[in-house]
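Please open the model in a viewer and keep the selection tool at hand. The stops below each give a selection to make and then what is there.

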Amino acid sequence: MSAEHLEQIETLERNPGKIKTQFLWYTIPITLMVGLTGILIYNYYNDFSLASVKEGLNTDFVIFLCVGIFAQLVDGTLGMGYGATSTSLLLSFGVPPALSSMGVHVAEMFTTGASAISHYKFKNINKKLVLTLLVPGVLGSVLGAYLLADVIDGKVIKPYIAVYMIILAVIIIIKGLRKTIKKKATKRLGGLALFGGFMDSIGGGGWGPIVTSTLMGRGRDPRYTIGSVNTAEFAVSFASGLTFILFDGISGWNVIAGLIIGGLLAAPLSAYLVNKIPRKPITVLVGVLLIALSLRTLIKLF
């Protein structure tokens, strides 16, 4: 049991009244997801007719369901990769880029919520870390979405971020192969979250690779880092996804439904696996995935 986990238990024992607030970690994500579902059904009622639902339950839906399951397993256990994994697979099955991007953004509003609940259930989070990352992450996401519309070209920034993440990945793998990791003081978490949320909007992804990899590169426990970053990501994804819905609308419901249902099914399993996988292999896997995603970004750009 890590020092972070022991600290959480001791704090709870000293403050038994905090038990009463634990329900918020469940009710807030559930309420937001249920509310969003109601809004979508209300605004897109014709797309949810019985005939439309039956028409959408075809072979393609099964494919999108499997994509959602696999992408969530990757993201939930390694703390990154949902967007890159799901988008790559959707494109390989012939889904248009615009539809893939929209489907992933909307699905993440639900899958990250399920992931947050699951990680909390399996005690994979550091509450203080989550709350520290949450607000600046949302602000960065909203700021990035706003600037992307008129000021910044996300493609210009992407290669520099990719190189940065490859360097981080090498550091993570080296530290992961060591028997012990010396934990460094993690300063300026707010700035890191602001940057991660900003790049997530500007570059179409990056919250997990930037925030998770940086924290793990500083020696933080993989289990609590992944769980906490995934939990905070719900707020970041919800803010950017809501903006996407308000300004661009939604189509391609079989893609979205497959990704959402698949993600909801896989979220508890991925949170459970984080709790069981030893530190060394999961740290190395994070590094390898980060290098693969970054190289993929560079190849696409050049």
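Select Phe-23, Leu-24, Ile-28 and Leu-32 and show their side chains: in this predicted model, these residues make a nonpolar surface patch of about 340 Å². Now keep Ile-28 alone. This residue sits in helix α2, which covers residues 24-43. Is Ile-28 buried, partly exposed or exposed? Its relative accessible area is 45%, and because buried means under 20% and exposed over 50%, Ile-28 is classed as partly exposed.

For the wider view, colour the chain by secondary structure. The protein has 13 helices and zero strands, so every element in the run from the N terminus is an α, as the order α-α-α-α-α-α-α-α-α-α-α-α-α shows. Of its 302 residues, 48% count as buried.

Next, select residues 59-78, helix α4, together with residues 82-92, helix α5. Two packed helices are described by the angle between their axes and the distance between the axes. Here the axes come within 8 Å and cross at roughly 155 degrees. Angles over 145 degrees count as roughly antiparallel, and therefore α4 is roughly antiparallel to α5. The crossing in which α4 passes α5 is right-handed.

Stay on α5 and pick out its buried residues. Which are they? They are Tyr-82, Gly-83, Thr-85, Ser-86 and Leu-90. Then step just past the end of α5 to Gly-94, where phi is positive, about 90 degrees.

Move on to the loop between α6 (97-121) and α7 (127-150) and select Lys-123, which is placed there. Lys-123 is not a glycine, yet its phi is positive, at about 60 degrees.

The next stop is helix α8, residues 154-177, where Leu-168 is found. With a relative accessibility of 11%, Leu-168 counts as buried, because the cut-off for buried is under 20%. Add Ile-291 to the selection and draw a distance between the two C-alpha atoms. The separation is 8.9 Å, although the two residues are 123 apart along the chain.

Select residues 207-217, helix α10. How many of its residues are buried? Eleven of eleven are, and the helix is mostly covered. Among them are Trp-207 and Pro-209, along with Ile-210, Val-211, Leu-215 and Met-216. The buried residues also include Gly-208, Thr-212, Ser-213, Thr-214 and Gly-217. Following α10 is Gly-219, with a positive phi near 90 degrees.

Finish on helix α13, residues 279-301. Select Lys-280, which has its place in this helix. Its relative accessibility is 37%, and Lys-280 counts as partly exposed. Add Pro-222: the pair are 58 residues apart in sequence, and their C-alpha atoms are 9.1 Å apart in space.

Stay in α13 and select Ala-292, which is found there too. This residue also counts as partly exposed, at 42% relative accessibility. Now add Gly-81 and draw the C-alpha to C-alpha distance. How far apart in sequence and in space are Ala-292 and Gly-81? They are 211 residues apart in sequence and 10.0 Å apart in space.

Conventions. Residues numbered from 1 in each chain as written. Predicted model: local features only at pLDDT ≥ 70, side-chain atom pairs only at ≥ 80, totals over all residues. Heavy atoms only, no water. Patch = residues over 30% accessible without salt bridge, like charges linked within 9 Å, V, L, I, M, F, W, Y side chains within 5 Å. Areas by Shrake-Rupley, 256 points an atom, 1.4 Å probe, with all protein chains shown as cover. Salt bridge = Lys/Arg side-chain N within 4 Å of Asp/Glu carboxyl O. Helix = DSSP H or I, 4+ residues; strand = E, 2+ residues; numbered from the N terminus. Buried < 20%, exposed > 50% of the residue type's maximum accessible area, 1.4 Å probe, protein only. Axes fitted to C-alpha atoms, helices over the stretch in contact; angles between N-to-C directions. Parallel < 35°, antiparallel > 145°, perpendicular 65-115°, else oblique. Left-handed = near helix turned anticlockwise from the far one by under 90°.
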